[in-house]
Amino acid sequence: MFTCGFFQIPNIQTMKINQTILQEFILVGFSVYPHVQTFLFVVFFCLYLLTLTGNLAIMGLTWVDRALHTPMYLFLSALSFSETCYTLTIIPKMLADLLAKSRSISVIGCRLQMCFFLGLGGTNCFILTLMGYDRFLAICNPLRYPVLMTNMACGQLVASAWAGGFFISLIETVLIFKGSFCSPNLVKHFFCHMRAVVRLNCLDSDLTEFIVTMISVSGLLGTFLLIILTYIFILSTVLRIPSAEGKQKAFSTCASHITVVIIHFGFASIVYLKPEASGGDDTLIAVPYTVITPFLSPLIFSLRNKDMKTAFRKVLGKTKSLYK
């Protein structure tokens, strides 16, 4: 460090040390809880297997049973596929890190993981919104529903959900990774969460963090408000149905979706709307959104759905008959 009057000029070597371009990050994750890592591995591994089983079962039943070849179940199958990919981006790496001593991830790997995590998370929000729109058309416009919501229209809407989710994801990922990162290279999370990574930027990261957080919050609240709006119209229509049986039938088709929406957006809001000054371990706070929600979603849609249970019994009956 050289002194010139009242000013101190840092030497070039010090600047190079402080602004070394990182090649990898270290995911701190659950290493701060060393005594429970084996227990966490067993719990998360079991939940992951059950999540995969549930989602694959929904996709498989929708594929083999022609009675389920309707827009409602095509949207459900699309959600199951999206959530399967969503969990694949983070949980296998998290499970490996729980048992490994080295928890490193390359900068490129971190960028890809973040891009897919954000993209698939956004896709899930959009598909849940489309499922609400599907119920709105079915209940509020039953006569025009077969014309408006064809299987082709359903496929186009799902494709637009993927495009929208990954368009937002690419913007956020580019903003976060446009600069270089400085030591220490410790990401205080079990995956490349955008807030945890952006704080390692060599430049002032506050503005970037604010922008990407606002983009995520806007997407989250925007889709949630659209779902609320559709259910306001649905509720007003259902209340005008004269028979109690008709009301119950209309509500039963929405019950599973409403439950998943509350869980999905409830846990997501805890992650993205949590004030910085509130404290708390971000690693633990993210577990419900990244592990519990994908596990509960197929469980709720399958157990509370008569058509799914009927399709499962059919497949089970055919399988038993093959072995007789």
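This is a short talk on the contacts that hold one protein chain's parts in place beside each other in a predicted model.

Hi everyone, thanks for coming. What I have on the screen is a predicted model, so please keep that in mind throughout. Let me start with the overall picture. The protein chain has 324 residues, and 44% of them are buried. In secondary structure, we have 11 helices and 5 strands. The chain exposes about 17,500 Å², with carbon and sulfur atoms supplying 71% of that area. And if you take the contacts with a separation of 6 or more, 77% are between residues 24 or more positions apart.

Now to the cysteines. How many disulfides does a search of the whole structure find? It finds 1. The disulfide joins Cys110 to Cys192, with an S to S distance of 2.1 Å. Cys110 sits in helix H4, residues 107-140, while Cys192 is in the loop between strand S5 (186-187) and helix H7 (194-198), so the bond ties together parts that are 82 residues apart in sequence. For those of you who like handedness, the torsion about the S-S bond of Cys110 and Cys192 is about -130°, so this disulfide is left-handed. Is the pair buried or exposed? Cys110 is buried, at a relative accessible area of 0%, and Cys192 is buried too, at 1%. Two further cysteines are worth pointing at: Cys125 is buried at 6%, and Cys154 is buried at 2%.

Let me stay in this neighbourhood and turn to Leu27. You will find Leu27 in strand S3, residues 24-27, and this leucine is buried, with a relative accessible area of 2%. Leaving aside neighbours within four places in sequence, the contacts of Leu27 include Cys192, which we have just met, along with Val187, His189, Phe190 and Phe191. Leu27 also contacts Lys93, Asp97, Arg103 and Ile105. Look at Arg103 in particular: Leu27 and Arg103 are 76 residues apart along the chain, yet their C-alpha atoms are separated by 5.5 Å.

Two of those Leu27 contacts, Lys93 and Asp97, bring me to the salt bridges. The count for the structure comes to 4. The side chains of Asp97 and Lys93 meet in one of them, at 3.3 Å from N to O. Both residues lie in helix H3, residues 71-99, and they are 4 residues apart, about one turn of the helix. Asp97 is buried, at 7% relative accessibility, whereas Lys93 is partly exposed, at 23%.

Next, Asp134 forms a salt bridge with Arg135, and the closest N and O atoms are 3.0 Å apart. Here Asp134 is buried at 1%, and Arg135 is buried at 8%.

Then we have Glu209 with Arg199, where the closest N and O atoms are 3.2 Å apart. Glu209 is in helix H8, residues 206-238, and Arg199 is in the loop between H7 and H8, so this pair ties together parts that are 10 residues apart in sequence. Glu209 is buried at 13%, and Arg199 is partly exposed at 32%.

So what about a charged residue without a partner? Have a look at Glu172 in helix H6. Glu172 is buried yet has no salt bridge. Which side chain of opposite charge is nearest to Glu172, and how far away? That is Arg195, at 9.8 Å. Beyond the neighbours within four places in sequence, Glu172 is in contact with Leu118, Met194, Val212, Ile215 and Ser216.

Last stop, the aromatics. The count comes to 15 aromatic pairs. One of them is Phe116 with Phe166, an edge-to-face pair at 5.7 Å centre to centre and 75° between the planes. This pair links distant parts of the chain, with Phe116 in helix H4 and Phe166 in helix H6 (residues 151-177), 50 residues apart. Phe116 is partly exposed at 40%, while Phe166 is buried at 16%.

Elsewhere, ring pairs link Phe30, Phe44, Tyr86, Phe117, Phe190, Phe191 and Tyr289 into a cluster. You may recognise two of those names, because Phe190 and Phe191 are also among the contacts of buried Leu27.

That's my tour. Thank you for listening, and I'm happy to take questions.

Notes
Residues are numbered from 1 along each chain as its sequence is written. This is a predicted model: local features need pLDDT of at least 70, side-chain atom pairs count only at pLDDT 80 or more; totals for chains, interfaces and linings use all residues. Side-chain values use heavy atoms; hydrogens and water are left out. A disulfide is a pair of cysteine sulfur atoms within 2.5 Å. Helices (H or I, at least four residues) and strands (E, at least two) are DSSP runs, numbered from the N terminus. Buried means under 20% relative accessible area, exposed over 50%, partly exposed in between (1.4 Å probe, protein chains only). Rings of Phe, Tyr and Trp (its six-membered ring) pair if their centres lie within 6.5 Å; planes under 30 degrees apart count as stacked, over 60 as edge-to-face and the rest as tilted. Lys and Arg count as positive and Asp and Glu as negative; His and the chain ends are not counted. Contact means heavy atoms within 4.5 Å. Accessible areas come from the Shrake-Rupley method with a 1.4 Å probe; for residues, only the protein chains shown count as cover.
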